[in-house]
Each structure stands twice: as structure tokens, then as C-alpha cells.
Amino acid sequence: MSGGAAVTGGAAVSGGLEEAQRVELTVAAVAPGGHCVARVDGQVVFVRHALPGERVLAEVTEVHRGFVRADAVSVLEAAPDRVTPPCPYARPGRCGGCDLQHVAPPAQLDWKAKVVREQLVRLGGLDETECDALGVRVEPLPGGPLGWRSRVRYAVDAAGRAGLLKHRSHEVVPVDRCLIAHPAIQDLPVLTSAGVTWPDAEAVEAVASTGGDVAVTAVAAGRTEVVSGPDQVRERAAGRDWSLPASSFWQVHPAAADTLVAAVLELTDPQPGEIAWDLYGGAGLFAAALAGRVGAGGRITLVEAAADGVAAARENLRDLPVVEVVAARVETALTRRRITGPVDVVVLDPPRSGAGARVVRDVVAAGPRAVAYVACDPAAFARDVRVFTGLGWRLAELRGYDLFPMTQHVELVGLLLPG
């Protein structure tokens, strides 16, 4: 076996490993998705619950053409940054929500920065020198690695028990507490440990807003019903009060909204009288912040496709006449000229799949002086950066924020400028 690997159980299928087989291996670099990379006889193994440099006993969980996935079920030689996961469910075969509880919090930041850098090189087309110039790093947010998540969606199993999903599975793991959930959510009587079951629900969603509201909604047959708490929850961000349905999108970390707004404003530096677009604008967080900078002589167009986001934006921004809310898909709004240039500043905050080449090309064609790209997936961001650079633009600055401690997720804010 290459790389010091040794099969310890089961029989290898011809040319590789098989599911449930256990193998000793030495773990190499971090990879996207909360994995590290190892190799067995040249075969790539993506290992969860491991750290670079460790010697582990790994159990194969999935076999694919060209690679396999595995869980480190026993650590034979531990890395210095390994810690005991605080949650008993953050282990192989149990809850898949937290990818990095076995990693010391400072090392989690380094882990995520390495993944971002690797994606920018591999998918974004940047070279090592360009990454060095960007100084890729991930900054923590206030509050620590536990008790931060202000919105939690619990899945419900066939017995009506609320819990969380196993990694890459629809299997529900009943839990008695989620340690990354906001304390107000942890105290809610929604789990089986509190004597509660949900026989008619598919999912249960809990919210603890920055405005002090706590609400629980049940999802059944595609419909959402508020079980306890207000229908509308209050949030406080960008110097404003917001009101939105308990089930609608809002950043899950209490400090996230203000952190992202500050980054966007600092990077783009909007000026009085300028024109701005807030694409994938949701309830209007960035549009409101931009409005405060461009003033009465400026103009902002917010584009959002989700009906609840459009309604929330129109309600929350009704005091800002410089903001126009367009209910449409961003691609449609650009190609059918629902919005047209000239424009000075564009904020892109697309879903996890990214903006895509078509949107990037249309944004560049409108001729803005600056684009702030808010990204929740480094791979999608890197692919879009490659489109920008192919059109003569450059990634001038990049900020990384740990909006999701204990998980593999990271938020980025990039400044793109014409070359």
C-alpha cells in the first residue's frame, strides 16, 4: 500500500476499496467539504473527522469512480490542533451539521483560509503570487464558536422526533441539544428530550432574532405554520430595524449582517449621487446601507426573485424612495433590460451556486467602477472570479469571515475592479 496505508478489514474490490472497509492511512492536506485528502494505492480518499498529518483508522462510507469517502473512526497519531468535540453528536455516523468540532478554533480559521486559497488557484485561475498579494485569511466574529446559530432547521423522522441529518444522508439523528444553536433555541421545548414529538411535521424551524423574538414554525406538506412566537420577527442591522416572516432568510450569525455591510461599504466606498445595484437583494440589507451613502441624489435598484424577500424589501425599505425593488430573477432582469446601466457600484450576493457566467458578463457590460461579491461557497466564487478575470477584471481585495464556526462553511467578500 502506498502512503503508508494498510487495509485492516474487509476485502478490497478489484482496483480499489469497498464500502465499510477499514484502512489505516496518513492524512494530507485539507479539502473542500470538511475533508482531508489521503491516498491508498494511488486512489484518492476524502476523510472526515481528521486533520492533516494524522495517522487514522478510516472506514469507507462511499465509493465513487476515481475517489472514495471515509470517516476517521480512530486516531492513531493525533495532530497538535486536535481537540475533543464538545458535542457528543459531532462524530462519525452521527450528526453531519458540524464538520470541524475536532479542530481547535484558531486552526479552523487556517483550515478555511487554505480551502479558499486552493479554490482560487484551482478554479479561479489565480497563481500563488496573486493569492499571496490578497493575503487570504478568515476572521472570527464575536461570540465564540458555540451558541451562535440564530436559525435552526430540525428534520423530523418517521417517529415524529426532531433532530439533525447525518452527513450526506436523509437519515435523522435525534438530538437532545444542538450546541451551536443560540441559547434561546437550545431552551425551546422542540426536541424529544423535552417530551415533544411532531407526528405531522416534516421539519421544525426555530428562530432567535437579534431583536429578541423567538419563534417556532412547523413545515408540513410544503406549508409553514407558526407554532409559537410571532409571525414576524425583528432584526437589527445596518443601523435599522427590520421585520420579516419567521421562516424567511436572514443571516444565521447575529454579527453577520453588520459585518458584511461594513465590508461591502468599506470596499466599494459608495459616493453621494451614485447609482448602485443590489442583486439577489433579499430583504434589502445592502440596499439600505448603500442608500445611506448615495443619498437623495443617488439611485439603487434591488433585484430579488423570492416572493417573501420582495415583500420584506418593499415593507422594510418603504422609507427610502431612492430604492426600487424589482421582483425578478437576476438573469431575467439583466437580459430583458428590467435594469439597465450605467451603474457605479454593484453588490452581488448570489446563492451557493454562484452568480454564473451569464450574470457576470451582463454586470461587466453595464460598466460599474466596482463590484462587491458576497459569497458563501469558495468554489462558486472562484469560478465567477475566473469569468471576471477573463473579461479583463481583477480580484483586488478579499475578506474572509467565519460566519459558521465549527462547520466547513466560510463567507467571503471580494472586491472586483476593471483591469
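Helices (H or I, at least four residues) and strands (E, at least two) are DSSP runs, numbered from the N terminus. The model is predicted: local features need pLDDT of at least 70, side-chain atom pairs count only at pLDDT 80 or more, and totals for chains, interfaces and linings use all residues. Residues are numbered from 1 along each chain as its sequence is written, and side-chain values use heavy atoms, with hydrogens and water left out.

**Exercise 1.** Place histidine 253 and state whether it is buried or exposed.

*Solution.* Step one: histidine 253 sits in the loop between E16 and helix H4 (256-268). Step two: buried means under 20% relative accessible area, exposed over 50%, partly exposed in between (1.4 Å probe, protein chains only). Histidine 253 has 4% relative accessibility and therefore counts as buried. Step three: contact means heavy atoms within 4.5 Å. Leaving aside residues up to four places away in sequence, histidine 253 touches Leu141, Pro142, Trp148, Ser150, Leu403 and Pro405.

**Exercise 2.** Do the same for aspartate 241.

*Solution.* Aspartate 241 belongs to strand E16 (residues 240-245). Its relative accessibility is 59%, so aspartate 241 counts as exposed. Not counting residues up to four places away in sequence, aspartate 241 touches Glu235, Arg236 and Asn316. The C-alpha atom of aspartate 241 is 8.1 Å from that of glycine 211, 30 residues apart along the chain.

**Exercise 3.** Describe how H8 and H9 pack.

*Solution.* Axes are lines fitted to C-alpha atoms, for helices over the stretch in contact, and angles run from 0 to 180 degrees between N-to-C directions. Helix H8 (residues 357-365) and helix H9 (residues 378-390) pack at about 40°, with axes 10 Å apart. Angles under 35 degrees count as roughly parallel, over 145 as roughly antiparallel, 65 to 115 as roughly perpendicular and the rest as oblique. H8 and H9 are therefore oblique to each other. In the contact, Ala357, Val360 and Val364 of H8 meet Asp384, Val387 and Phe388 of H9.

**Exercise 4.** How many disulfides are there, and why is cysteine 131 in none?

*Solution.* A disulfide is counted as a pair of cysteine sulfur atoms within 2.5 Å. By this rule the count is 0. For cysteine 95, the nearest cysteine sulfur, that of cysteine 98, is 6.2 Å away. Cysteine 95 is buried, at a relative accessible area of 10%. For cysteine 131, the closest cysteine sulfur is in cysteine 36, 19 Å away, so it is too far for a bond. Cysteine 131 is buried, with a relative accessible area of 0%.
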